[in-house]
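Visitor: Please take me closely through one part of this model, the places where its helices meet, along with the loops beside them. I would like the cut-offs behind each term as you go.

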Amino acid sequence: MTDRNNRSLLAGSEGGQLPLTLEHRPAYDRGEYLVSSCNEAATAWIDSWPAWPDATWGLNVYGPEACGKSHLAEVWARKAEAVMLRPSDLDVGVLPALLGDNRYAVLDNVDESLPGVPAFHLYNMLVERRGALLVLSRTPVSRMALTPPDVKSRFAALPAVAISDPDDALITGVMDKLFRDRQLFVAEEVLAFLVGRMERSFLEAQAMVEAIDAMSLAEGRRITLPLARRVLEARGAR
């Protein structure tokens with residue numbers, strides 16, 4: 001066995017090393033959420049709760065995949081003791097059981113396939129309880145062709161705030177956090193090298209961290225500039 005940052009490698013039958021499938025736990029504390037111009041407005045909304053304007057029955061946070069929507073939603077859910085839901089969970093008959101006594105809910109990954117009737121009932125139940133619904137989506141729900149019209153009008157009326165494409169400083173911070181979530185500590189020069197040559201997106205940052213971690217584990221090597229360069233080349237980055 002070889003130990004690397006308390007993560008084990010399993011020796012293969014032919015002398016190679018096969019990485020164990022190890023669970024890593026993302027950190028969802030508010031202090032772990034990095035704020036930049038691209039997510040400042042969305043963060044301000046979450047931080048200001050419960051002092052949202054009167055008759056604000058929810059919020060739509062939208063942005064590209066892996067941009068940090070779920071992290072912010074987790075922060076809010078902990079503060080509000082909200083139920084975490086996905087569109088596939090929605091059914092009129094089970095909504096009371098899903099909500100229990102809760103007044104707040106997060107509805108993640110909303111798109112035009114949203115089951116409108118149970119979504120409308122969910123919204124109304126939360127309003128009756130004087131709660132709120134946090135809706136996460138890739139595009140604003142106000143631009144979606146939701147049906148029936150009642151759910152379209154309710155969701156379109158929610159305040160909407162975007163998380164946009166990140167700058168280099170935020171991508172660097174996000175990658176550092178993703179590595180630390182895996183109990184990996186990567187030198188600043190390696191992070192700078194990667195960010196200067198990879199696609200600037202949260203999704204690519206996540207994929208890059210996963211690829212580097214996998215190669216490091218498979219080869220039993222520390223994460224260095226040469227290893228990072230080989231992963232970049234394998235992914236077609238310059």
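Guide: Of the 238 residues in the protein chain, 43% are buried, where buried stands for under 20% relative accessible area, exposed for over 50% and partly exposed for what lies in between, with a 1.4 Å probe and protein chains only. The model is a predicted one, in which local features need pLDDT of at least 70 and side-chain atom pairs count only at pLDDT 80 or more, while totals for chains, interfaces and linings use all residues. Residue numbers start from 1 along each chain as its sequence is written, and side-chain values rest on heavy atoms, with hydrogens and water left out.

The protein chain has 9 helices and 8 strands; these are DSSP runs numbered from the N terminus, helices being H or I of at least four residues and strands E of at least two. Among the contacts of the protein chain with a separation of 6 or more, 70% are between residues 24 or more positions apart, a contact being heavy atoms within 4.5 Å. The accessible surface of the protein chain is about 12200 Å², and carbon and sulfur atoms supply 49% of that surface; such areas are obtained by the Shrake-Rupley method with a 1.4 Å probe, and for residues only the protein chains shown count as cover.

Taking the helix pairs in turn along the chain, helix 1 (residues 40-48) and helix 2 (residues 69-80) have axes that come within 10 Å and cross at roughly 10°. Here axes are lines fitted to C-alpha atoms, for helices over the stretch in contact, and angles between N-to-C directions run from 0 to 180 degrees. Helix 1 and helix 2 are therefore roughly parallel to each other, given that angles under 35 degrees count as roughly parallel, over 145 as roughly antiparallel, 65 to 115 as roughly perpendicular and the rest as oblique. In this pairing, Ala42, Thr43, Ile46 and Asp47 of helix 1 meet Leu72, Val75, Trp76 and Lys79 of helix 2. These contact residues comprise 5 nonpolar, 1 polar and 2 charged, with Ala, Val, Leu, Ile, Met, Phe, Trp, Tyr, Cys and Pro taken as nonpolar, Asp, Glu, Lys and Arg as charged, and the others, Gly among them, as polar.

The loop between helix 1 and strand 4 (58-62) holds Pro50, and a cis peptide bond with omega of about 10° joins Trp49 and Pro50. Ala55 is also found in the loop between helix 1 and strand 4, where its phi is near 65°, a positive value in a residue other than glycine. Most residues other than glycine have a negative phi, and most peptide bonds are trans. Ala55 counts as exposed because its relative accessibility is 59%.

Helix 4 (residues 116-128) and helix 5 (residues 149-156) have axes that come within 9 Å and cross at roughly 50°, which means that helix 4 is oblique to helix 5. The crossing of helix 4 past helix 5 is left-handed; by this convention the near helix is turned anticlockwise from the far one by less than a right angle, and clockwise for right-handed. From helix 4, Gly116, Ala119, Phe120, Tyr123 and Asn124 meet Asp150, Val151, Arg154 and Phe155 of helix 5, and the residues of this contact divide into 5 nonpolar, 2 polar and 2 charged. In the loop between helix 4 and strand 7 lies Arg130, whose phi near 55° is a positive value in a residue other than glycine; with a relative accessible area of 59%, Arg130 is exposed. The loop between strand 7 (132-137) and helix 5 contains Pro148, and Thr147 and Pro148 are joined by a cis peptide bond with omega of about 0°.

Helix 7 (residues 188-195) and helix 9 (residues 225-234) pack at an angle of about 20° with axes 10 Å apart, so helix 7 is roughly parallel to helix 9, and helix 7 passes helix 9 in a right-handed crossing. Glu189, Val190, Phe193 and Leu194 in helix 7 meet Leu225, Ala228, Arg229 and Leu232 in helix 9, a contact that divides into 6 nonpolar, no polar and 2 charged residues. Met198 is in the loop between helix 7 and helix 8 (202-219), and Met198 counts as buried because its relative accessibility is 3%. Leaving aside residues up to four places away in sequence, Met198 touches Ile171, Met175, Glu204, Ala205, Met208 and Leu232. The C-alpha atoms of Met198 and Met208 are separated by 8.6 Å, the two residues being 10 residues apart along the chain.
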